[in-house]
Amino acid sequence: MKIHEFQAKELLKNHGVAVQDGIAIKKLSQFDKAVGALKKRGINQFVVKSQIHAGGRGKGKLYDPKTKELVLEGGVKFTTSEKKAKEYAEKMLGNILVTIQTGAEGKKVKTLFITEGLDYKTELYLSILLDRGVSKNVIMASTEGGVEIEKVADETPEKIIKVWIDPAVGIQAFHARELGFGLGLTGNAFKDFVKFLPKLYNAYEKSDASMLEINPLIITNDDRIVALDAKMNFDDNALYRHPEILAYRDLDEEDPLEIEASKFSLNYIKLDGNVGCMVNGAGLAMATMDIIKLAGGEPANFLDVGGGANKETVANGFKIILSDKNVKAILINIFGGIVRCDRVAQGVIDAVNEIGVKVPVVVRLEGTNAEEAGVLLVKSGLNFEVAKTLQEAAEKVTVVLKK
Amino acid sequence: MSILLDKKTRVVVQGITGSEGSFHTSQMIEYGTKVVAGVTPGKGGTDFQGIHIYNTVSEAVKNQKADASAIFVPPPFAADAILEAVEAGIKLIVCITEGIPAKDMTKVFNAIKNKDVRLIGPNCPGLISPGKAKIGIMPGFIHKKGKVGVVSRSGTLTYEAVKQLSDLKIGQSTCVGIGGDPIIGSQFIDVIKLFNDDPGTEGIVMIGEIGGSAEEEAAAYIKKYVKKPVVGFIAGRTAPPGRRMGHAGAIIAGGKGTAAEKMKVMKKAGIHVVESPAEIGIAMQKALLNK
């Protein structure tokens, strides 16, 4: 699960991590109060930051959702003027922010984070994530802050330094020293970093985060280490024990079809293709998408109906796939191991009768009672293309797409 | 021959009284697995279909000489169940549970990595030595006893591959589902080493997915040490970056772990990489003929 920058900073602050101070607003009417509160804290320069679940905000562009006209260049703006800050806020809120990560359709800015503007001398990079190769968390740091880390990794990999944390021992001061010296820090900045890092790591660990990225991490003119940005993702499997993080979930940032699917315990991801698919099991679902592509189509979605493929799951799956207007055909591929294929077939028939599916449906059911299932499908008199093998299913998809 | 599991393996089922645990225990017994005990804390002294239930794994080991464990306990308690089995001296632990937090598995993995224990999973279908025994949830009837080893990160896609092999009359020595999570007890390389050393295995099918670099590491090992023919497939060529494709481990992050990259490395290692998941069986048939 992803959260916004202002939420990540709140979480980090609660763990004692030094972050750029700020107040989130959802309406322009809240602006004056927020700035007033910041001024009371002695803040007199501001950054207005658009809050969306995508990177590249600083270099993004804001468009009016109705006229499609360009309103503002840059989704993150620094200013020393309160008046100017309000102008920026007005141009961001409610408009569409397009960044390299949002795609051309962009994302509507519904929240702004009004923060302190800090004067700093150095930008660094810091992140924590799980290194699957060694099954330990790794902390990565680089002097190349403020740029994309993938670029640094490609061009100057020697500028990324890493330490791995043994989960039984946890983070120690020497880890922080190793990274601090590696980054070339000295004096008070070094001392502050050695205090900063364990707090950051513990925030990551205790909240079951799967990724924490501070880019940039800054050294202020008075030698303090502060997280200027914060990006956090969380392990979905651990959310059950973190209601406080689940409360950060922003449904506006998620695809409405995916939210709908999750209500029925269906694992759905919308894609841009023309062939919808419904499969049991994640690996087979990916393989089915691959075979659609090989058959000359483009997968319209990933949909794993899970272990218990019954009438309800199939019907809900159809509804979700069909609400995507690009879908020209549907491929159902169920390998019934424990699930009986004849029951799945009946579910498919009932669902098609109930919903009135207009696009051609290629059905491939394999496993327990597969033959009975085939007979049921053919007898139904509905417009199914029944395939026995995966190969045959692919060929039938090619044929129905050409019709 | 087979690896890890045969008719003599004595299995304890942790979470035997849960709905998944009880259903699959019956299925395993029906297939021929020697299930000697069950564990459900608080239900010690009762029984399930004549199988004695204990409160702890160590009691099951002491009284029934269990040497392998099948874990069906819910995600919040699964890491604990694995560690309990390790402490009790179980040598083969198969964790079926899906949805264990990565943090819990990181602790488990590092706690057991230097111990004489083999963990399969979590979030896996388990393993089966056809005609002998199975520990897991795979449908037994699609398998056929024979000489091809199958190792895979997926569940139903493994069944698909097995069905293709069996339809071509190519039997399997052992099929191992290693699981779809980012942290798993055994990697491709661990299982492939066992297949390579098993005189009863003549060919290997390896089915990977996007995410991580386990397939690349296995490919490097295969290139160096494996003379048996290996057929490979990677699912997720059409998956978009940054999205978790069902399995927590199936995600392309930072441009790494793509199917194209993995397939390229595997081809270079001499693995017969198939483009389509429908060609896994045929590719193995050809590879065995040209051996």
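In the predicted model, A:Val47 stands opposite A:Thr115 of strand β8(A). This pair belongs to the register between strand β2 (residues 46–50) and strand β8 (residues 112–116) of chain A, which run antiparallel and are joined by five bridges. Both strands are part of an open, antiparallel sheet of four strands in chain A, ordered β1-β8-β2-β5. Because β1 (22–25) and β5 (76–79) of chain A each have a single partner strand, they stand at the edges, and one side of each is left without a neighbour in the sheet. On average, and with direction ignored, neighbouring strands of this sheet are turned by 15° against each other. Helix α2 (residues 31–40) of chain A packs on the sheet, where it touches β1, β2 and β8 of chain A, and the direction of this helix makes about 170° with that of β1(A).

Between the two chains, 43 residues of chain A are in contact with 55 residues of chain B, and about 3900 Å² is buried between them, 60% of it on carbon and sulfur atoms. Six salt bridges are counted between chain B and chain A; among them, A:Arg241 pairs with B:Asp104, with the closest N and O atoms 2.8 Å apart. Polar contacts across the interface involve 13 residue pairs in which both residues have pLDDT 80 or more. On the side of chain B that touches chain A, at least two residues are supplied by each of α1 (19–31), α4 (102–112), α5 (156–167) and β13 (230–235) of chain B, and α4(B) gives the most, with seven residues. By class, this side of chain B has 26 nonpolar, 17 polar and twelve charged residues.

How values were computed. Residues are numbered from 1 along each chain as its sequence is written. Chains are lettered from A and ligands numbered from 1 in the order in which they are written. This is a predicted model: local features need pLDDT of at least 70, side-chain atom pairs count only at pLDDT 80 or more; totals for chains, interfaces and linings use all residues. Side-chain values use heavy atoms; hydrogens and water are left out. Contact means heavy atoms within 4.5 Å. Buried area is the accessible area (1.4 Å probe) that two parts lose on being put together, summed over both. A salt bridge is a side-chain nitrogen of Lys or Arg within 4 Å of a carboxyl oxygen of Asp or Glu. A polar contact is a pair of N or O atoms within 3.5 Å; within protein, one must be able to donate a hydrogen and the other to accept it, and residues adjacent in sequence count only if both atoms are side-chain atoms. Ala, Val, Leu, Ile, Met, Phe, Trp, Tyr, Cys and Pro count as nonpolar, Asp, Glu, Lys and Arg as charged, and the others, Gly among them, as polar. Two strands pair if DSSP finds at least two bridges between them. Axes are lines fitted to C-alpha atoms, for helices over the stretch in contact, and angles run from 0 to 180 degrees between N-to-C directions.
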